[in-house]
Amino acid sequence: MGGKLFSTYLAAGLPVPQMISGARVEGGGESLGYEYIAQTVRSLIPAMERTGITTAAEIGIDDLADRLREEAVAHGACIMFPPMIGAWTCSQQ
């Protein structure tokens, strides 16, 4: 919906909105982001298997978070989460 907020405000008859976008970026061994990513992948496994993309066994979901953490830490990498987009406006009075 984030990318559609501007046109949605206009379609609702509201003034042109102000908008902002931001995303969480983190890394290091203590980040909870690796587990977040692994759980997101876990939720997608049924669809990936149904469409023939991969299987749960190929993914190795049970240790995916650990493997992501190890790779990121070993390479000094960070992980970037999807952006959150906000919009607001004030009507003329």
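Visitor: In this predicted model, is Asp 66 buried, partly exposed or exposed, and which value decides it?

Guide: The class follows from the relative accessible area, with partly exposed lying between the buried limit of under 20% and the exposed limit of over 50%. Asp 66 has a relative accessible area of 41% and is therefore partly exposed.

Visitor: With which residue does Asp 66 form a salt bridge, and how far apart are the closest N and O atoms?

Guide: A salt bridge is counted when a side-chain nitrogen of Lys or Arg comes within 4 Å of a carboxyl oxygen of Asp or Glu. For Asp 66 the partner is Arg 69, and the closest N and O atoms are 3.4 Å apart. Both residues lie in helix 4, three residues apart, which is about one turn of the helix, and Arg 69 is partly exposed as well, at 23% relative accessibility.

Visitor: How many salt bridges does the count come to, and which parts does the pair of Arg 42 and Asp 62 tie together?

Guide: By the same cut-off the count comes to four salt bridges. In one of them the side chains of Arg 42 and Asp 62 meet at 3.7 Å, taken from N to O. Arg 42 belongs to helix 2 (residues 33-50), while Asp 62 is in the loop between helix 3 (56-59) and helix 4 (64-75), so this pair ties together parts that are 20 residues apart in sequence. Arg 42 counts as partly exposed at 35% relative accessibility, whereas Asp 62, at 71%, counts as exposed.

Visitor: Glu 26 forms a salt bridge with Arg 24; is Glu 26 buried or exposed?

Guide: Glu 26 is buried, with a relative accessible area of 16%, whereas Arg 24 counts as exposed at 56%. The closest N and O atoms of this pair are 2.2 Å apart.

Visitor: How should strand 1 be read, and with which strand does it pair?

Guide: In a regular strand the side chains alternate between the two faces of the sheet. Strand 1 pairs with strand 4 (residues 84-88) in the antiparallel sense, over five bridges, and Ile 20 stands opposite Gly 86 in strand 4. Strand 1 is nevertheless hardly covered, since the count of buried residues among its five residues is zero.

Visitor: Which residues form the nonpolar patch on the surface?

Guide: The patch consists of Phe 6, Leu 10, Val 16, Met 19 and Ile 85, which together have about 410 Å² of accessible area. Among them, Val 16 is placed in the loop between helix 1 (5-11) and strand 1 (18-22), and Val 16 is exposed, with a relative accessible area of 53%.

Terms used
Residues numbered from 1 in each chain as written. Predicted model: local features only at pLDDT ≥ 70, side-chain atom pairs only at ≥ 80, totals over all residues. Heavy atoms only, no water. Patch = residues over 30% accessible without salt bridge, like charges linked within 9 Å, V, L, I, M, F, W, Y side chains within 5 Å. Areas by Shrake-Rupley, 256 points an atom, 1.4 Å probe, with all protein chains shown as cover. Helix = DSSP H or I, 4+ residues; strand = E, 2+ residues; numbered from the N terminus. Buried < 20%, exposed > 50% of the residue type's maximum accessible area, 1.4 Å probe, protein only. Pairing = 2+ DSSP bridges.
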